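Student: Could you take me through one part of this model in detail? I would like a close look at the nonpolar core and then at whatever nonpolar side chains sit outside it.

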Amino acid sequence: MKKLRILLCLAAIGTGLYAAFLFGMPKYRYEVFKSDANDIIRFNIHHEKEMVDNFYEKAREAGVPLRREDIHVERGMDGEFRAEMSWMETVDFFGLYQKTFMYSVEVHE
């Protein structure tokens, strides 16, 4: 009986750790991409299309499910670039629970 209790306790801890990993990864990817996006907007003074390509490539590297159509870059009247990007990411926990997270990144020079 004691072994069963220990196994159940270990299974509960393992399941909890797995859930924390699953639900924490989208936030981690968001933070990594947001940092990369700030670097791109600061150090890459290019045309809008080149910046879109850079944002898209960094999203792929970070594992962010961002589509090219969801990246909007424009140069303001003051000459500064502004970029807005948004995406959704769904986490599925063994088919028992699903949660959709919505993320948005807005950066400017």
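**The nonpolar core and beyond**

Tutor: Happy to! In this predicted model, the largest nonpolar core is made of 26 residues, and Phe 33, Phe 55 and Met 85 have the most contacts inside it. Five elements each give two or more residues to this core: the helices α1 and α2 (48-62), together with the strands β1 (71-75), β2 (81-93) and β3 (97-108). Helix α1 supplies the largest share, seven residues.

Phe 55 is a good place to zoom in. Leaving aside residues up to four places away in sequence, Phe 55 touches Phe 33, Ala 37, Ile 40, Ile 41, Ile 71, Val 73, Ala 83, Met 85 and Val 107. Two of the residues with the most contacts inside the core, Phe 33 and Met 85, are thus among the neighbours of Phe 55.

Now let's step outside. A nonpolar patch of about 510 Å² lies on the surface, formed by Ile 6, Leu 7, Leu 10, Ile 13 and Leu 17. Leu 17 belongs to helix α1, which runs over residues 2-43. Leu 17 counts as exposed because its relative accessibility is 58%, and exposed means over 50%.

One more residue deserves your attention: Phe 94, in the loop that links β2 and β3. With a relative accessibility of 56%, Phe 94 also counts as exposed. Its backbone stands out for a torsion check too: phi of Phe 94 is near 55°, a positive value in a residue that is not glycine.

Note on methods:
Residues numbered from 1 in each chain as written. Predicted model: local features only at pLDDT ≥ 70, side-chain atom pairs only at ≥ 80, totals over all residues. Heavy atoms only, no water. Patch = residues over 30% accessible without salt bridge, like charges linked within 9 Å, V, L, I, M, F, W, Y side chains within 5 Å. Areas by Shrake-Rupley, 256 points an atom, 1.4 Å probe, with all protein chains shown as cover. Salt bridge = Lys/Arg side-chain N within 4 Å of Asp/Glu carboxyl O. Helix = DSSP H or I, 4+ residues; strand = E, 2+ residues; numbered from the N terminus. Buried < 20%, exposed > 50% of the residue type's maximum accessible area, 1.4 Å probe, protein only. Core = buried A, V, L, I, M, F, W, Y, C linked by side-chain atoms within 4.5 Å. Contact = heavy atoms within 4.5 Å.
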